[in-house]
Structures are given as structure tokens and as C-alpha cells.
Amino acid sequence: HIVLLALSTSLFSQIKRGKNFFDSDSSKVSEIYHYSLKDSTLEGTYEAFYLNGSLKTYGWYTDNLPDSVWHYYYENGRKKVVGRFSKGIPRGLWKYYFENGNMKSEGRLNGTKKEGPWNFYFENDGKKSSGNYVDDQKQGIWNYFFEDGSIKAQTIIENGIGEYAEFYPSGTRRMEGKNVNDKSEGEWIY
């Protein structure tokens with residue numbers, strides 16, 4: 001047990017805490033970080049702050065790369081983004097928020113690409129659209145909603161090409177046509 005304690009103390013003493021400041025008299029902290037004495041790489045917790053002192057970013061570095069769940073905040077203290085990095089690469093579930101605290105969007109990232117089911121929301125709450133991404137491209141059935149939750153439009157997309165139908169709030173069809181890479185193309189029926 002004594003050897004293990006000495007080893008962990010030795011490793012821990014290799015990491016130091018650093019601070020950067022907004023001002024020359026070092027009264028307003030802009031970030032707090034931990035780094036390795038051996039090679040100056042970032043190791044451990046990282047925090048960035050707004051000028052008013054509220055937390056802007058919180059996460060963890062391993063070998064100079066973001067490697068954990070990272071939290072980003074608006075200046076008012078509310079969540080802005082929460083997502084996981086793995087060895088510097090965004091992976092897994094990411095959640096984005098409006099400044100009022102309501103969910104903006106949520107889905108999985110694989111690097112910078114959206115993968116799998118994604119949901120997008122109106123700022124005042126309620127689902128705005130939902131569908132699936134494959135390699136950062138919309139694929140399959142996508143539904144779009146009015147703020148009251150009723151269906152506004154639907155498109156079925158395969159390899160960037162989709163059949164699009166839009167509806168009135170009553171549910172009657174308003175228009176339909178072909179979309180290529182999210183842009184109207186060809187003949188449309190109104």
C-alpha cells in the first residue's frame with residue numbers, strides 16, 4: 001500500500017494547475033487548467049469563464065485532447081451544449097440548448113458528422129423536426145411539425161433525394177414535390 005501511495009503521489013505531483021487572466025493585475029480569471037510538468041500537455045480538468053465570472057466551459061483533458069463529457073454555458077449560466085469527446089473527437093449523444101434553457105437539438109455525433117436519430121425543437125418548446133442521419137446526410141423519414149405539435153411536412157429521403165409533402169394545420173395537403181439535398185427541384189403540385 002505504501003508503494004502505491006508513493007506512486008500516485010509522484011504522478012499527481014507531475015501535474016500542475018495554471019491560470020490565465022482577462023486583465024494584467026490578475027483579478028479576473030479567464031481559465032483554469034491542469035498541465036503536465038513533463039511536456040506541458042493539458043491533463044485533467046479545464047474551466048473557462050466569462051468576464052463576469054460565470055462558467056463558460058468545463059471539461060477534462062487527457063494527453064492534450066478533450067476526453068470526457070464537456071459542458072458549455074451561456075453567460076447567464078444556463079447550459080448551451082453538453083457532449084462527450086473521446087481522444088479529442090466528438091462521440092455519442094450531444095445536446096444543444098437555447099439561451100432560455102429549452103432544448104434546441106439532440107442527437108449522436110461521430111466526429112463532426114451527425115449519425116442516427118436527431119430531434120430539433122422550437123425555442124418555446126415542442127418538437128420542430130425529427131429524423132435520421134447516415135454519415136451526416138438526412139436519410140429515411142423526416143417529420144416537420146407546427147408549434148402545436150401537428151404535422152407540417154414529411155419527406156422520405158434516400159441518398160439525398162426525397163419526396164416532400166407539406167400540410168395545412170388542418171392536415172390537408174398543401175404542396176408536394178421532389179427535394180434534392182434539401183432544395184426543391186422539378187415539378188411541384190400546389
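**Notes on a predicted strand-rich chain**

1. Let's start with one pair of neighbours. Strand 12 and strand 13 (residues 151–158) run antiparallel and are joined by 6 bridges. If you want a spot to look at in this pairing, take I141: its bridge partner in strand 13 is I156. The hairpin these two strands make has 5 residues between the strands, and G149 there takes a positive phi near 95°. Do keep in mind that this is a predicted model.

2. Now go to the other partner of strand 12. Strand 12 covers residues 137–145, and 5 bridges tie it to strand 11 (residues 127–134), again with the two running antiparallel. Here Y133 stands opposite K138 in strand 12. The hairpin of strand 11 and strand 12 has 2 residues between the strands, and D135 takes a positive phi near 55°.

3. Is S130, which sits in strand 11, buried or exposed? It counts as buried, because its relative accessibility is 13% and the cut-off for buried is under 20%. As for its company, leaving aside neighbours within four places in sequence, S130 is in contact with W118, N119, I141, W142, N143 and F145. You've already met I141 as the residue paired with I156.

4. Further back along the chain, have a look at E106 in strand 9 (residues 103–110). With a relative accessibility of 18%, E106 also counts as buried, because the limit is 20%. Apart from residues up to four places away in sequence, E106 touches W94, K95, P117, W118, N119 and Y121. W118 and N119 also turn up in the contact list of S130. For a sense of distance, pick F49: E106 and F49 are 57 residues apart in sequence, and their C-alpha atoms are 25 Å apart in space.

5. Towards the start of the chain, H34 is worth a click; you'll find H34 in strand 2 (residues 29–36). What does H34 touch, not counting residues up to four places away in sequence? The list is I15, K16, R17, T41, L42, E43, G44 and T45. Of these, I15 is 19 residues from H34 along the chain, with 6.4 Å between the two C-alpha atoms.

6. Over at the other end, strand 15 (residues 173–180) and strand 16 (residues 183–189) run antiparallel and are joined by 4 bridges. Within that pair, K178 stands opposite E185 in strand 16. These strands form a hairpin with 2 residues between them, and N181 in the turn has a positive phi of about 50°.

7. Time to zoom out. The chain has 1 helix and 16 strands. Its radius of gyration is 23 Å, well over the 16 Å that the globule rule gives for 190 residues, so the chain is more spread out than a compact globule. The C-alpha trace spans about 75 × 35 × 30 Å along its principal axes.

8. How many of the contacts with a separation of 6 or more are between residues 24 or more positions apart? Such pairs account for 5% of them. On burial, 35% of the 190 residues count as buried, S130 and E106 among them.

9. Last, the surface and the charges. The chain exposes about 12,100 Å², and carbon and sulfur atoms supply 52% of that area. There are 25 positive and 25 negative side chains, and the centres of the two sets lie 4 Å apart.

Notes: Residues are numbered from 1 along each chain as its sequence is written. This is a predicted model: local features need pLDDT of at least 70, side-chain atom pairs count only at pLDDT 80 or more; totals for chains, interfaces and linings use all residues. Side-chain values use heavy atoms; hydrogens and water are left out. Two strands pair if DSSP finds at least two bridges between them. The radius of gyration is taken over C-alpha atoms; the globule rule is 2.2 Å times the number of residues to the power 0.38. Buried means under 20% relative accessible area, exposed over 50%, partly exposed in between (1.4 Å probe, protein chains only). Contact means heavy atoms within 4.5 Å. Accessible areas come from the Shrake-Rupley method with a 1.4 Å probe; for residues, only the protein chains shown count as cover. Lys and Arg count as positive and Asp and Glu as negative; His and the chain ends are not counted. The place of a charge is taken as NZ of Lys, CZ of Arg, CG of Asp or CD of Glu.
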